[in-house]
Amino acid sequence: MSFIDGIKAKARANKKTIVLPEAEDERVIRAAAEAVKEDLANIIVLGDPAVANADAAKYGVSLEGVTVINPETSDKLDAYATLLAKIREKKGMTYDLAKQTLLTDKTMFAVVMVKNGDADGVVSGACHSTANTLRPALQVLRTAPGKKLASGFFVMDVPNCKYGENGTFVFADCALNQDPDPEQLAAIAADSAESFEAFVGAKAHVAFLSHSTKGSAKHALVDKVVNAVNIAKTEYPNVDCDGELQLDAALDPEVGQRKAPGSTVAGHANVLIFPNIDAGNIGYKLVQRLGGAEAYGPMLQGLAAPVNDLSRGCYWQDIVGVIALTAVQAQMAHK
């Protein structure tokens with residue numbers, strides 16, 4: 001069974017309700033239809049029902065079993081506006097402004113649905129930026145208790161790969177924190193290890209990546225990673241992590257043994273922590289485009305409820321996978 005097939009099986013076992021706020025995107029309509037067909041979740045799409053169903057027919061799919069809600073005519077609009085105004089009142093939010101926000105920002109509407117208990121998770125970003133997806137989540141749901149920050153990760157499933165956990169990895173942070181400091185990098189690593197173990201069901205081995213391995217280069221960029229490793233080992237002692245490691249030392253057992261002898265991570269890494277968003281974003285896209293990997297995400301971790309982003313270059317099949325992953329995240333949150 002492939003990684004994503006296993007995730008889909010978990011999603012079916014305890015169905016959750018996932019909101020897709022981008023009915024205007026063909027890929028979202030196709031993904032909604034497929035998710036219901038595969039019985040992965042209860043799906044809500046935000047948009048005009050007549051338009052959404054006409055679009056679905058044009059694309060040759062059916063939205064039977066999908067709930068389509070128009071925020072403008074929703075009987076929950078007033079309640080949601082009241083809730084949003086209360087949450088954001090210290091920021092000057094009034095009922096009227098909240099109502100206008102909900103009518104103009106469907107991602108905000110979706111996030112408030114989750115806050116109100118009417119849905120379990122949100123998948124957005126097919127035609128909106130990461131900032132437009134994350135901002136409502138942070139404003140309304142905020143970070144989970146005990147979490148220092150929200151961060152973005154990809155689950156990478158690489159075909160015919162001898163590295164990682166049968167070719168499955170978590171890459172972080174590839175989408176959200178542009179230049180995390182050592183403490184933030186350590187927290188991202190701890191959260192990524194937790195996400196890997198929850199989704200993949202195997203022990204996480206976390207590599208802090210660099211252009212240097214164990215002091216082979218001297219630079220402030222290397223110092224940042226070394227400091228992050230030291231913080232992680234002190235604050236998150238249950239996480240198996242090491243660094244700084246070059247990518248070959250992190251993945252290849254022979255190279256790892258030669259460059260970092262005695263390391264429990266070198267040569268066995270399945271969670272890759274990139275030093276900044278440039279490296280992370282470039283890295284995941286290289287593996288996806290040149291290595292033929294399935295890239296699921298960017299998933300968001302550290303939030304009080306699952307709200308997950310999509311790459312604007314995603315395929316509709318990717319959205320189906322992220323729906324399943326979001327449903328499993330929701331199961332974890334409700335334990």
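Asn166 sits out in the open in this predicted model: its relative accessible area is 67%, and since anything over 50% is called exposed, Asn166 earns that label. Its place is in the loop between strand 5 and strand 6. The backbone here has a quirk too, with phi of Asn166 near 55°, a positive value in a residue other than glycine.

Arg142 shows a positive phi as well, in its case near 65°, and again the residue is something other than glycine. This arginine lies in the loop between helix 7 (130–141) and strand 5 (151–157). Is Arg142 buried, exposed or partly exposed? Its relative accessible area is 41%, so it counts as partly exposed, because that label covers values between the 20% limit for buried and the 50% limit for exposed. Arg142 also has company: together with Lys90, Lys91 and Lys115, it gathers in a patch of positive charge on the surface.

Now for strand 5 itself, which follows the loop holding Arg142. How many of the residues in strand 5 are buried? The count is 7 of 7, so to speak a strand that is mostly covered. Its side chains go two ways: Ser151, Phe153, Val155 and Asp157 point one way, while Gly152, Phe154 and Met156 point the other way. Both sets are buried.

Which strands pair with strand 5? One of them is strand 6, joined to strand 5 by 5 bridges, with the two running antiparallel. Within this pairing, Met156 has Phe169 of strand 6 as its bridge partner. Strand 10 is another partner, and here strand 5 pairs in the antiparallel sense over 6 bridges. Two of the residues that point one way from strand 5, Val155 and Asp157, turn up in this pairing: Val155 is matched with Tyr296, and Asp157 is matched with Glu294. Strand 10 (residues 294–301) is mostly covered too, with 7 of its 8 residues buried.

Moving on to the peptide bonds, a couple of cis cases turn up. One of them runs from Ala172 to Asp173, with omega near -20°. Asp173 has its place in the loop between strand 6 (168–172) and helix 8 (182–200). Another cis peptide bond joins Gly243 and Glu244, and here omega is about 0°. Unlike Asp173, which is placed in a loop, Glu244 belongs to a strand, namely strand 8 (residues 240–245).

Back at the surface, there is also a nonpolar patch to look at. Ile282, Leu286 and Leu290 form it, and together they have about 340 Å² of accessible area. Leu290 is found in helix 12, which spans residues 277–291. Why does Leu290 count as exposed? Its relative accessibility is 72%, and the label applies because that value is over the 50% cut-off.

Put side by side, the surface has a patch of positive charge that includes Arg142 and a nonpolar patch that includes Leu290. Away from these patches, strand 5 has 7 of its 7 residues buried, and it pairs in the antiparallel sense with strand 10 and runs antiparallel to strand 6.

Definitions and conventions
Residues are numbered from 1 along each chain as its sequence is written. This is a predicted model: local features need pLDDT of at least 70, side-chain atom pairs count only at pLDDT 80 or more; totals for chains, interfaces and linings use all residues. Side-chain values use heavy atoms; hydrogens and water are left out. Patches are made of residues with over 30% relative accessible area and no salt bridge: like charges are joined within 9 Å, nonpolar side chains (Val, Leu, Ile, Met, Phe, Trp, Tyr) within 5 Å. Accessible areas come from the Shrake-Rupley method with a 1.4 Å probe; for residues, only the protein chains shown count as cover. A salt bridge is a side-chain nitrogen of Lys or Arg within 4 Å of a carboxyl oxygen of Asp or Glu. Lys and Arg count as positive and Asp and Glu as negative; His and the chain ends are not counted. The place of a charge is taken as NZ of Lys, CZ of Arg, CG of Asp or CD of Glu. Helices (H or I, at least four residues) and strands (E, at least two) are DSSP runs, numbered from the N terminus. Buried means under 20% relative accessible area, exposed over 50%, partly exposed in between (1.4 Å probe, protein chains only). Two strands pair if DSSP finds at least two bridges between them.
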